[in-house]
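This report covers internal cavities, cysteines, a strand pair and a few loop residues. Please look over the sequence and model before reading on.

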Amino acid sequence: KRGADDQHAPPKRPKLEAKTDVTRWRLKDDDSRHTWHYLEDEKAASEWPQSYAEKYYLDLPLGLPDLPTAATPKESAENGLTFFEKLQLPSGHWGCEYGGPMFLLPGIVIAWYVTKTPISSAYATEIKNYLFARAHPEDGGWGLHIEGESTVFGTTLNYIVLRLVGVDPEDPVMVKARGTLHKLGGAVCGPHWAKFWMAVLGVVPWDIVNPVPPEIWLLPDWVPIAPWRWWIHIRQVFLPMGYIYSKKWSCEEDDVIRGLREELFVQPHAEINWASHRNSIAPGDNYHPKSWLLNSVNWLLVNIWNPYLRTNLIKEKAEAWVSELVDMEDANTGYAALAPVNAPMNTVVCYIRDGPDAFTVKRHIERFPEYLWMKDEGMLCNGTNGVQCWDTAFLIQAIFEGGFQNDERYRPMLLKALHYLERQQIREDCVDTEKCYRQQRKGGWPFSNKDQGYGVSDCISEALKSIILLQKVGGFPEVLEDQRIFDAIDTLLLYQNQDTGGLSSYERRRGGTYMEMLNAAEVFGNIMVEYDYPECTTACVTALSLFHKHWPDYRGDEIQKFIKRATDWVKSNQRPDGSWYGSWGICFTYATMFALESLASVGETHENSILSKNGCEFLLSKQREDGGWSESYKACETMKWHEHPSGSQVVMTAWALIGLMEAEYPHVEPLKKGIKLIMERQQSNGEWKQEAIEGVFNKSCMISYPNYKFTFTIKALGMFAKRYPNEKIE
Ligand code: LAN
């Protein structure tokens, strides 16, 4: 029914080129709101020269001189710092690609398409290049994440992206991908989220999409499954999805959409019984099969609730409430949204509700580029709008571990980083916090930047530790007065789960883990509620211990109790083999490092604690011949140790060494072997090269933390140098 006037006619298709000129790309750092710009002419390019950081991200030669070869771990750490300092962005933080997941870019591109937003040729060209570069080398499909096997989820959605940016269906890359998709059963075997996006595009009818009833938001708060109890990422995705599902909205049909209807399925489109495929799913996509309970609920919703019981009144009431909650999320994040899954969905809600010219739609679209990242392979979508606060905090701590904070060479960098973290502290609570089911956030720090506005327990902790170190230990100016530190503590103390003493990510746990029975996404595990995480718990323990040392009188008793309960939980979470299972980094190595650190912070080390000793033994049992460690992401999926086929990894090696050194492991030989490996992998300009993927979420999806190869290596080298100043590495 939308107007057919020129303004809303389909936008001109972008002109796809083989490639863009990489020397023309610039990253704007607007106090860590990152946007990539393609400068169209020579003059503009010469007026805005490329920085080291930009060249580095684009894999262009930096022209940096070779550094004197590092003979000691200390020198190696210094060379690393000399290099990394060059990559600090003007506002004081470090940037990076944050790719890995392959289901995020499709949301952005589909939202552009259905809102008729023109895509620039430079963006379209580089999106195409990235997806071409990342097609599976053997079968040409795409997986859930960059290292995974091809799935229907990844292949369908990324195939769609390529068609929407203008790639010809007969391009050999497309022919190959289509062949793989058909072998996997075609797009009818995709998971829920793939079916949802295809329905929005009008490639499939809504009958194939399992229900996303917005009415669930009308449940009273006391109901044990009420959505305010769900993990924030699922809650904020289910919200706009429910609105769109309820409207059964699809965009206008055009040639590309008609083409996709012919290309994505094994059977002719007109002959498909869509409703019968609601639960069709390829085995490779079905990481978390739907429970009998969810299947029954879905059956009831489709066959009884929707046709007979769902009155217009209920529908309208539910849509209105969901729509209001979407507005609150938009207001709280300045239309940037929590992550690139709900961002494009909220955009579509605003488009349906407010029309194409609305401010809400425009503002959403304006913020999309903050999720996109340009690198040598092309343009991808980051998992969040960046890793700014998180990486900055780790770099600061790495410097203190090695005692480099007094070196004049690094003080300007540290001062800039301190001011950056100061500006990124969240100073205000959300408007109507309780109404939109948020938790106090004042005083906290986010993972990325303040705009996004969600505090996370371990992000608050890591930022806080860094600031305390800088201001109280490093003699840096006091840019955060005590009251602001206390604000952070007040917020942090709210995160502890009352039943276990452990800590979760964005909020205290609000519902039981039985809620996983309602996990409808199929491709992820552990998404429905908050869990206790060793990483988050240990970060809070170490932050509070440090705080308590400097301000013993501020809520001292509570803090001591908090620490005791949290460490008890960490202890109870150790596995029989001495390890801890990690949820945000790969995997046992990552979590065991954090756990050993938190035990040490309460005085429990290899010498006096059997838990610490067993943790060390676990790590040592995995050390390889060459001195390194190399756990694979498969460990996250299977919850069993797996070696990475490409051998030792510097980041993994650094994690294991840090864990051992925190635990004060008494024998230096294994440490020396690991340190040697890290030093040997260092390049002559001080950098380390990218190796296997480092991070994970929801057990099945991997995500890149490219700055870990600097922050954790430098930390491990610095720790070693400080603890063993006289050991020679040969
Ligand atoms: C992140 C990134 C940071 C991460 C740590 C701080 C490292 C962790 O210790 C706590 C959890 C947190 C904040 C986290 C949670 C889940 C995120 C936001 C991500 C892994 C980045 C991307 C992911 C998000 C869920 C992606 C969208 C996918 C959905 C299933 C909605």
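The structure holds 8 cavities of 30 Å³ or more. The model behind this count is predicted.

**Cavities**

Start with the largest cavity. About 570 Å³ of space lies in it. Its lining is made of 37 residues. Those nearest its centre are W231, H233, T384, Y506 and W584. Three elements each give two or more residues to this lining: α9 (232–247), α17 (457–473) and β5 (695–697). Of the elements, α9 provides the largest share, with 4 residues. By class, the lining of the largest cavity has 26 nonpolar residues, 10 polar ones and 1 charged residue.

The second largest cavity holds about 100 Å³ of space. It is lined by 13 residues. Q649, V651, A692, I693 and E694 are the closest to its centre. Helix α24, residues 650–662, gives the most to this lining, with 4 residues. Here the classes split into 6 nonpolar, 2 polar and 5 charged residues.

The table sets out the class make-up of the two linings.

| Cavity | Nonpolar | Polar | Charged |
|---|---|---|---|
| Largest cavity | 26 residues | 10 residues | 1 residue |
| Second largest cavity | 6 residues | 2 residues | 5 residues |

**Cysteines**

How many disulfides does the structure hold? The number is 0. C430 is in no disulfide. The cysteine sulfur nearest to that of C430 belongs to C436, 5.2 Å away. A disulfide needs two cysteine sulfur atoms within 2.5 Å. C430 counts as buried because its relative accessibility is 6%, and the cut-off for buried is under 20%.

Why does C701 form no bond with C636? The two sulfurs are 11 Å apart, which is too far for a bond. The sulfur of C636 is the closest cysteine sulfur to that of C701. C701 is also buried, with a relative accessible area of 0%.

**A strand pair**

Strand β3 covers residues 372–375, and strand β4 covers residues 378–381. The two strands run antiparallel and are joined by 4 bridges. Within the pair, W373 stands opposite L380 in β4. Together β3 and β4 form a hairpin, with 2 residues between them.

**Loop residues**

Where is Q498 found? Q498 sits in the loop between α18 (482–493) and α19 (534–550). Leaving aside residues up to four places away in sequence, Q498 touches R508 and R565. Q498 and R565 are 67 residues apart along the chain, yet their C-alpha atoms are separated by 9.6 Å.

N526 is found in the loop between α18 and α19. N526 is not a glycine, but its phi is positive, near 50°. Is N526 buried, partly exposed or exposed? N526 counts as partly exposed because its relative accessibility is 26%, and the class between buried and exposed runs from 20% to 50%.

Y437 also has a positive phi, of about 60°, although it is not a glycine. Its place is the loop between α16 (411–424) and α17. Y437 counts as buried because its relative accessibility is 12%.

Technical notes. Residues are numbered from 1 along each chain as its sequence is written. This is a predicted model: local features need pLDDT of at least 70, side-chain atom pairs count only at pLDDT 80 or more; totals for chains, interfaces and linings use all residues. Side-chain values use heavy atoms; hydrogens and water are left out. On a 1 Å grid over the protein atoms alone, a cavity is a set of points where a 1.4 Å probe fits but cannot get out, and a pocket is an open set with protein on both sides within 12 Å along at least five of seven lines; lining residues have an atom within 4 Å of a point. Grid points are joined across faces, edges and corners, and a volume is the space filled by probe spheres set on the points. Ala, Val, Leu, Ile, Met, Phe, Trp, Tyr, Cys and Pro count as nonpolar, Asp, Glu, Lys and Arg as charged, and the others, Gly among them, as polar. Buried means under 20% relative accessible area, exposed over 50%, partly exposed in between (1.4 Å probe, protein chains only). Two strands pair if DSSP finds at least two bridges between them. Contact means heavy atoms within 4.5 Å.
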